[in-house]
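The exercises below go through one structure, each with a task and then a worked solution. Please keep the sequence and the model open while you work.

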Amino acid sequence: MSKTFLWIEDKKDKSGYTFWKVFMEQLFPDVIVESKRNNSELVRAVKSLEDTENRYIVIFDNSFDNLQVLSELKILTEALKQKENVTLLDIICFEYLLLEFKELIDWIFAPNDEFLKKRANIINARCKLVSAINDGNSSYKEIKEIKDYCDNIEDYNIEQLSAKILFELTRNTGFEVSKSSIGECWIKSCCDWSGRQDDDICGLDNSRLDLYDKMKHILVGTCLSYEFKRHGLEGA
């Protein structure tokens, strides 16, 4: 019986790998998640793949304004033309995926959270960035709210900016996401956050979700719903 593999470029000790591992275990438990450590190794693995019996779904970060990534993506695209059992999931990056999640702000912050005011410029930048990308506007660096938030915007590509905004939105909360770690509130049921304090109240405090439901919300509230259906994965 053939198997389905999800090949990702995230290292096993990084936040992206942890997210994908938990996400797939909850919604697509039959899919085997494998790390290829980085995008170059992922491309190399696809090119050298000889197995034609099993199915492979590849997640390659499409950081469209990163020249190194574009070069690797071009090589990957050519390799995919030769592999009938390998397909590519179209996402920008793990950080942007969470950034575009429709319920992101509602999950992180309680209705009267002081962070809603203190981080208003970051929230506005996130909103404008997601709107621009959804509209197919790659000129996000020209948007006023994003330039006001990040005055050295030219130093960032879309993946770097997404990671920066996501971290600054979520820092000091149970949803904090950095390159190296992902907050327990993303990968555990409410409220199993081991570091929670009495005054740590988020937007899910009154409607606590188990881990499966969290992953289901993320599936429906991001591009993953369309992408996974496109690849024939409907979820558990």
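**Exercise 1. Salt bridges**

Find how many salt bridges there are, where a salt bridge is a side-chain nitrogen of Lys or Arg within 4 Å of a carboxyl oxygen of Asp or Glu.

Solution. By this rule, the count comes to 13 salt bridges. The model is a predicted one, in which local features need pLDDT of at least 70 and side-chain atom pairs count only at pLDDT 80 or more, while totals for chains, interfaces and linings use all residues. Residues are numbered from 1 along each chain as its sequence is written, and side-chain values use heavy atoms, with hydrogens and water left out.

Start with Glu 78, which is paired with Lys 81 at 3.1 Å between the closest N and O atoms. To place the two partners, take buried as under 20% relative accessible area, exposed as over 50% and partly exposed as in between (1.4 Å probe, protein chains only). Glu 78, at 43% relative accessibility, is then partly exposed, whereas Lys 81, at 57%, is exposed.

Next, Glu 114 and Lys 118 meet through their side chains in a salt bridge of 3.4 Å, N to O, and Lys 118 counts as exposed at 57% relative accessibility.

Then turn to Asp 205 and Arg 208, whose side chains form a salt bridge of 3.3 Å, N to O. Asp 205 is partly exposed at 21%, and Arg 208 is partly exposed at 47%. Elsewhere, salt bridges that share partners connect Arg 37, Glu 41 and Arg 44 in one network.

**Exercise 2. The two sides of a helix**

Which residues of helix H2 (residues 39–48) are buried, and what do they pack against?

Solution. Helices (H or I, at least four residues) and strands (E, at least two) are DSSP runs, numbered from the N terminus. In H2 the buried residues are Asn 39, Leu 42, Val 43, Ala 45 and Val 46. Viewed down the axis of H2, these fall within an arc of 160°, so they line one face of the helix; the arc is that of the directions from the helix axis to the C-beta atoms. Lys 47 and Ser 48, on the other side of H2, are exposed. Against the buried residues of H2 pack strand E1 (4–8), strand E3 (55–59), helix H3 (67–80) and strand E4 (86–89), contact meaning heavy atoms within 4.5 Å.

**Exercise 3. A second helix and the loop after it**

List the buried residues of helix H11 (residues 211–220), and then decide whether Thr 222 is buried or exposed.

Solution. Leu 211, Lys 214, Met 215, Ile 218 and Leu 219 are the buried residues of H11. Down the axis of H11 they fall within an arc of 140°, so these residues line one face of the helix. Their cover includes helix H1 (15–27), helix H5 (104–108), helix H10 (184–187) and helix H12 (224–230).

Thr 222 lies in the loop between H11 and H12. With a relative accessible area of 9%, Thr 222 is buried, and, leaving aside residues up to four places away in sequence, Thr 222 touches Leu 97, Glu 100 and Phe 101.
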